[in-house]
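Biologist: Could you take me through one part of this model closely, namely the place where two of its helices pack against each other? I would like a careful, connected account rather than a list.

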Amino acid sequence: MPSMSSAPISPATTEPIIAVSGLSKTYATGFSALKTIDLEIRRGEIFALLGPNGAGKTTLISIICGLVRPSTGTVFADGHDIIRDYRAARAAIGLVPQELTTDAFETVWATVNFSRGLFGKPRAPALVERILRELSLWDKKDTQIRRLSGGMKRRVMIAKALAHEPRILFLDEPTAGVDVELRQDMWQMVRRLRDEGVTIILTTHYIEEAEEMADRVGVISKGEIILVEEKAELMRKLGKKELTLQLQQPVSALPETLAEFGLRLSADGGEIVYTYDTQAERTGITTLLQGLSEAGIRFRDLSTSQSSLEDIFVSLVKERA
Ligand SMILES: Nc1ncnc2c1ncn2[C@@H]1O[C@H](COP(=O)(O)OP(=O)(O)O)[C@@H](O)[C@H]1O
Ligand SMILES: [Mg+2]
């Protein structure tokens with residue numbers, strides 16, 4: 001499929017910050033975790049990679065971050081080939097891994113400063129202080145990491161990833177098993193980083209997360225990216241709405257004359273739900289209401305709701321199964 005980026009816009013502004021092409025990964029076990037991935041991440045966006053467990057999210061991130069070798073294909077991060085120019089590519093990237101891995105006996109302060117040093121960056125105590133304060137870790141700065149709770153350890157992982165001021169931040173399942181407070185702190189920080197020009201890629205199997213945070217969403221299933229779309233566009237294109245009618249009198253069954261609408265009747269017979277396509281020429285609502293009236297079914301209230309990204313996601317993955 002021809003890309004749209006051939007428009008005559010200055011390449012400096014349109015060049016993707018991450019360009020993945022023809023990427024595949026077959027593990028030593030012979031398992032093909034990634035088929036052939038082509039993906040471009042735009043500078044400054046929040047991109048959510050959404051997919052069920054085992055889809056290949058961590059594998060893809062691990063390759064981009066230089067932790068796993070691809071079987072085929074290339075990746076450029078901030079203009080650097082992740083294999084030929086590993087150090088420069090890696091320096092552009094901050095990674096908050098899915099699993100907690102920290103040096104248990106170090107203090108928070110030492111470990112975060114050390115992370116910065118690993119990338120050859122000069123000491124910057126004021127910057128590290130700001131990161132720790134933002135993550136509510138400042139009063140724990142002299143605490144050994146092994147003495148911290150799981151949630152606090154995760155905060156340390158985030159601080160470590162940010163210590164060298166990366167242009168790109170990967171968050172692999174950042175809120176899996178995380179408390180509400182950390183989740184909120186994290187999203188606030190992600191938004192602030194985005195405002196500062198950092199590109200953020202997060203993986204999740206929680207749809208609400210993608211829905212709340214992302215500018216664009218990529219759906220990955222069984223090692224293949226099956227869709228990449230602006231979040232708003234995705235919702236608009238595939239979004240369905242539900243019309244719920246609360247009946248004045250419960251009914252035991254729906255009249256045959258309304259069969260074409262594919263209505264759902266609640267177990268107690270008190271509610272009828274009609275699902276319609278927001279993009280269709282006609283929603284069918286007028287005809288439905290007429291039909292109900294002719295059948296002598298009266299309602300006392302009605303409401304509509306938009307289907308969530310979750311519904312869209314589930315139906316997409318099902319379609320491919
Ligand atoms: N080191 C490995 N060796 C063999 N198979 C692996 C390895 N790492 C991951 N896999 C398999 O690859 C698939 C994708 O895993 P992963 O990338 O972790 O998915 P996700 O992060 O989307 O849950 C899974 O089936 C997993 O079991
Ligand atoms: Mg994973």
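Modeller: The crossing of α4 and α6 is right-handed, and in this predicted model the two helices, α4 spanning residues 108-118 and α6 spanning residues 150-162, pack at an angle of about 30°, with 7 Å between their axes. Because angles under 35 degrees count as roughly parallel, α4 is described as roughly parallel to α6. On the α4 side the contact is made by Val108, Thr111, Val112 and Ser115, which meet Val156, Ala159 and Lys160 of α6. Sorted by class, the residues of this contact are four nonpolar, two polar and one charged.

The lining of the largest cavity can be set beside that mixed contact, since there the classes come to 11 nonpolar residues, with no polar and no charged ones. This cavity has a volume of about 60 Å³, and the count of cavities of 30 Å³ or more comes to one. Its lining is made up of Ile18, Val20, Leu39, Ile41, Phe47, Leu49, Leu60, Ile61, Ile64, Phe170 and Ile201. At least two lining residues are supplied by each of the strands β1 (18-26), β2 (32-41) and β3 (46-50), and likewise by helix α2 (57-64), while the largest share, three residues, comes from α2.

Technical notes
Residues numbered from 1 in each chain as written. Chains lettered and ligands numbered in written order. Predicted model: local features only at pLDDT ≥ 70, side-chain atom pairs only at ≥ 80, totals over all residues. Heavy atoms only, no water. 1 Å grid on protein atoms, 1.4 Å probe; cavity = no way out; pocket = protein on both sides within 12 Å on 5 of 7 lines; lining within 4 Å. Points joined across faces, edges and corners; volume = space filled by probe spheres on them. Helix = DSSP H or I, 4+ residues; strand = E, 2+ residues; numbered from the N terminus. Nonpolar A, V, L, I, M, F, W, Y, C, P; charged D, E, K, R; others polar. Axes fitted to C-alpha atoms, helices over the stretch in contact; angles between N-to-C directions. Parallel < 35°, antiparallel > 145°, perpendicular 65-115°, else oblique. Left-handed = near helix turned anticlockwise from the far one by under 90°. Contact = heavy atoms within 4.5 Å.
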